[in-house]
Amino acid sequence: MKNEKNDLGKKIRTERLAKGLTQGELAAKAGVVHPQIISNIETGHVLSPRLSTLKSICKALDINFANFLNEFKLINPVKNTIGKKIRAERIAKGLTQQVLADKAGINCQTLLCIENGHEKARLSTLKSICEVLDIDFMNFLNEFRLMSPVEDTNTFGVFIRDLRLRNGYSLYSASKRLKMFDYHLERIEMNEIKPTHSEMQRICFLYQLDLNEVVKKFNIEVVEPKVESPETLGQFLKSTRKRKKLSLANVAELSGVAKSLISLIEKDKITSVQDLLKILIALELEPSKVAKIFPDLEL
């Protein structure tokens, strides 16, 4: 059987001699610690040299590293999977798993699991890996169909979905930052529903956009929440919550205010203006408009 690893050494020796270099000169040019390493590779005594060493040698000999790896089958055939794509790109750039993990700010074990297909990577993790490997993140997402199809590609929904993906946010992480449920954000991105004014404000704040420019660009008719006139503020908050089909636990999750405190505020026992403001935002209510309904309220 043909010894491809030994052929690798012969290839390096042939290229070195063609350029008139001694083993010592090649070692110095490639930054290899000792000429004996070059000798061991060329004679086949080292059958699995480090990729970083091979990359340095190829650079010194003006050999295309990616072609060199393919020629000697140092890269396994890449199927259409995320892990194998990352592994192939990593090897082509002469990076070990530890080096890539360190540069991407992730655990080496996590990278190992992703490359082996044992773990589904977060978008933020994939974004970091793509940046290190100099891979266009949006093309990467499209290649592996990580983007949900949207019918109209020139809409506000697609625009904010692309912004979310470019920032490496999953639906869940973005919805937490926007103080809304993930399925609600998904419906906005799919152009199934229109955002309210307060939702637009939060979206523009998260992605550092000018609200007026976005509204003008996409000709958005912002949906204003209906404001009723109940007897008390507490009754107003409770009726709004029920109209939106939210439980106390839902509002607590969105606002960060304890259920017991929300219950007290719905009974008109306001303990903290800050908590009240958080609840208004969670219920998608404009504090200034609520203040007009309840003039005695100081927000």
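Let's start with a pair of helices: α17 (residues 248-255) packs against α19 (residues 273-282) at an angle of about 105°, and their axes are 9 Å apart. Angles from 65 to 115 degrees count as roughly perpendicular, so α17 is roughly perpendicular to α19. On the α17 side, the contact is made by Val251, Leu254 and Ser255, while α19 brings in Lys278, Ile279 and Ala282. Sorted by class, the residues of this contact are four nonpolar, one polar and one charged.

**How far to trust the model**

Keep in mind that this is a predicted model. The protein chain has an average pLDDT of 82, and 87% of the residues score at least 70. Which helix has the highest confidence, and which the lowest? Helix α7 (residues 97-104) is highest, at a mean of 93, and helix α5 (residues 65-71) is lowest, at 79. Some stretches outside these two helices deserve a bit of caution. Over residues 1-5 the pLDDT is below 50, and that stretch has six contacts in the model beyond near neighbours in sequence. Residues 76-80 also stay under 50, with eight contacts beyond four places in sequence. Where pLDDT is low, don't read the predicted coordinates in detail.

**A buried glutamate**

Now look at Glu115, which sits in helix α8 (residues 108-115). Is Glu115 buried or exposed? Its relative accessibility is 6%, and under 20% means buried, so Glu115 counts as buried. Who keeps it company? Setting aside neighbours within four places in sequence, Glu115 touches Gly83, Lys84, Ile86, Arg87, Arg90 and Gln97. With Arg90, the side chain of Glu115 makes a polar contact of 2.7 Å. Arg87 is 28 residues away from Glu115 along the chain, yet their C-alpha atoms are separated by 5.9 Å.

**Two residues with positive phi**

Most residues other than glycine have a negative phi. Here are two that have a positive one:

| Residue | Phi | Where |
|---|---|---|
| Asn191 | near 60° | loop between α13 (182-189) and α14 (197-206) |
| Glu284 | about 60° | loop between α19 and α20 (287-293) |

How do they compare with the buried cut-off? Asn191 has 33% relative accessibility, so Asn191 counts as partly exposed. Glu284, at 11% relative accessibility, counts as buried. Glu284 also takes us back to where we began, since its loop lies between α19 and α20, and α19 is one of the two packed helices from the opening.

Key:
Residues are numbered from 1 along each chain as its sequence is written. This is a predicted model: local features need pLDDT of at least 70, side-chain atom pairs count only at pLDDT 80 or more; totals for chains, interfaces and linings use all residues. Side-chain values use heavy atoms; hydrogens and water are left out. Helices (H or I, at least four residues) and strands (E, at least two) are DSSP runs, numbered from the N terminus. Buried means under 20% relative accessible area, exposed over 50%, partly exposed in between (1.4 Å probe, protein chains only). Contact means heavy atoms within 4.5 Å. A polar contact is a pair of N or O atoms within 3.5 Å; within protein, one must be able to donate a hydrogen and the other to accept it, and residues adjacent in sequence count only if both atoms are side-chain atoms. pLDDT is the predictor's confidence in each residue, from 0 to 100. Axes are lines fitted to C-alpha atoms, for helices over the stretch in contact, and angles run from 0 to 180 degrees between N-to-C directions. Angles under 35 degrees count as roughly parallel, over 145 as roughly antiparallel, 65 to 115 as roughly perpendicular and the rest as oblique. Ala, Val, Leu, Ile, Met, Phe, Trp, Tyr, Cys and Pro count as nonpolar, Asp, Glu, Lys and Arg as charged, and the others, Gly among them, as polar.
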